[in-house]
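New to this one? Here's a quick tour to read with the structure open beside you.

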Amino acid sequence: MKVTTYFFILLTLFFNSCDGNDDPANNPYDPQTPPDLWAPKNLIISQIDSVIELSWEQDIINIDGFKIDREKDYEGWLIGIGQVDKYTNKWYDNSFLANPRYIYRYRIYAFAGSNLSTSQSGEIRPTEVKKTFIDPRDGETYKYITIGSQIWMAENLNYKSTSGSWCYEDKQDYCNNYGCLYDFYTAISVCPVGWHLPSDEEWKTLERFLGMSEVELNYLGATLSRTSGEVGLKLVPYLPGIGNEEACGFDAQWGGIRLPDGRFNNIGWHAYYWSSDQIYRQLIGHNKYVYRANIDYKYGLSVRCIKNN
């Protein structure tokens with residue numbers, strides 16, 4: 001019986017040796033294992049449209065997975081922004097602003113239990129990706145852009161409907177530069193096929209992505225300043241020297257407003273946008289706030305369409 005036991009122990013030791021378990025890199029769960037021996041390698045960072053792709057290689061599979069951190073310029077690392085299992089060697093980031101004025105840095109670790117490998121890191125300066133489509137109704141071409149999980153037109157709608165739409169002061173040049181103004185009932189059905197007038201919730205999704213607090217998202221009233229995240233500065237066109245380096249490419253156009261009595265106001269400085277809930281957004285110049293309030297359906301406001309899911 002003793003001979004059989006000794007033989008079994010020797011046989012186990014032999015097979016363990018053949019498996020390579022004596023190689024310290026095969027045991028990342030051991031805190032004494034050098035973290036560089038089981039680190040991911042050959043990290044590649046690239047931009048695909050409005051998504052950043054990270055890809056890497058990993059020879060050691062005796063781990064739990066990978067963790068990713070991100071930093072914008074030198075503002076501090078966001079720890080654990082991504083995590084994937086050990087069989088995945090790609091990760092996609094669509095939560096960044098495709099803004100060429102910033103450099104984004106990424107680092108990736110393998111992890112095994114509470115142990116982390118040495119990181120692999122790299123950086124990318126993203127490009128702003130705007131595409132175009134043609135409205136088949138009148139041949140008008142529009143730019144559009146992906147912001148977070150949404151696809152927005154990057155220009156005001158300029159489709160002349162049979163009723164309920166106007167050029168500012170009835171001058172075509174204003175429509176050419178700022179798009180049409182629409183009453184509410186025209187606005188809810190005026191977007192091209194495949195697009196629609198955004199709901200209040202879809203506006204809030206955009207504002208949340210750009211950094212507005214949950215409390216201010218629900219402020220309702222023209223006198224309530226929704227300033228968190230300085231979202232107003234991110235929605236208007238970038239202008240050097242005013243502090244809106246985080247402009248997201250939405251490029252709001254200050255098309256003014258048409259009053260129910262037929263007068264027009266605030267061209268070139270105020271932007272008013274409908275939602276499908278008859279709650280509008282107002283942006284004033286290069287200011288950080290975004291007003292949100294109810295408004296009568298007879299007013300003429302601008303329209304930004306959002307792409308259907």
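Let's start with a pairing: strand 3 (residues 65–72) and strand 6 run antiparallel, joined by eight bridges. Keep in mind that this is a predicted model. From strand 6 we'll move on to a three-stranded sheet, and then to a glutamine.

**Strand 6 and its partners**

- Within the pairing of strand 3 with strand 6, Glu71 sits opposite Arg105 of strand 6.
- Strand 8 (residues 120–124) also pairs with strand 6, running antiparallel to it over five bridges.
- Look for Tyr106 here: its bridge partner in strand 8 is Gly122.
- Strand 7 (residues 115–116) is another antiparallel partner of strand 6, this time over two bridges, with Ala112 facing Asn115 across the pairing.
- Strands 6 and 7 make a hairpin with two residues between them, and Gly113 in that turn has a positive phi of about 65 degrees.

**How covered is strand 6?**

- Strand 6 covers residues 104–112, and nine of its nine residues are buried.
- In a regular strand, side chains alternate between the two faces of the sheet.
- Here, Tyr104, Tyr106, Ile108, Ala110 and Ala112 point one way, while Arg105, Arg107, Tyr109 and Phe111 point the other way.
- Both sets are buried, the two arginines of the second set included.

**A three-stranded open sheet**

- Further along the chain, three strands form an open sheet in the order 17-18-19, with antiparallel pairing.
- Strand 17 (270–273) and strand 19 (291–294) are the edges: each has a single partner strand, so one side of each has no neighbour in the sheet.
- From one strand to the next, the twist averages 25 degrees.
- Helix 4 (residues 200–209) packs on this sheet and touches strand 17, strand 18 and strand 19.
- The direction of helix 4 makes about 35 degrees with that of strand 18.
- Four bridges hold the antiparallel pair of strand 17 and strand 18 (residues 279–284), and Tyr272 is found opposite Gln282 of strand 18.

**Gln150, a buried glutamine**

- You'll find Gln150 in strand 11 (residues 150–153).
- Is Gln150 buried or exposed? Its relative accessibility is 9%, below the 20% cut-off, so Gln150 counts as buried.
- A polar atom of the Gln150 side chain lies 3.0 Å from the backbone oxygen of Glu202.
- Leaving out residues up to four places away in sequence, Gln150 touches Ile145, Glu202, Thr205, Leu206 and Ile306.

Technical notes:
Residues are numbered from 1 along each chain as its sequence is written. This is a predicted model: local features need pLDDT of at least 70, side-chain atom pairs count only at pLDDT 80 or more; totals for chains, interfaces and linings use all residues. Side-chain values use heavy atoms; hydrogens and water are left out. Two strands pair if DSSP finds at least two bridges between them. Axes are lines fitted to C-alpha atoms, for helices over the stretch in contact, and angles run from 0 to 180 degrees between N-to-C directions. Contact means heavy atoms within 4.5 Å. Buried means under 20% relative accessible area, exposed over 50%, partly exposed in between (1.4 Å probe, protein chains only). A polar contact is a pair of N or O atoms within 3.5 Å; within protein, one must be able to donate a hydrogen and the other to accept it, and residues adjacent in sequence count only if both atoms are side-chain atoms.
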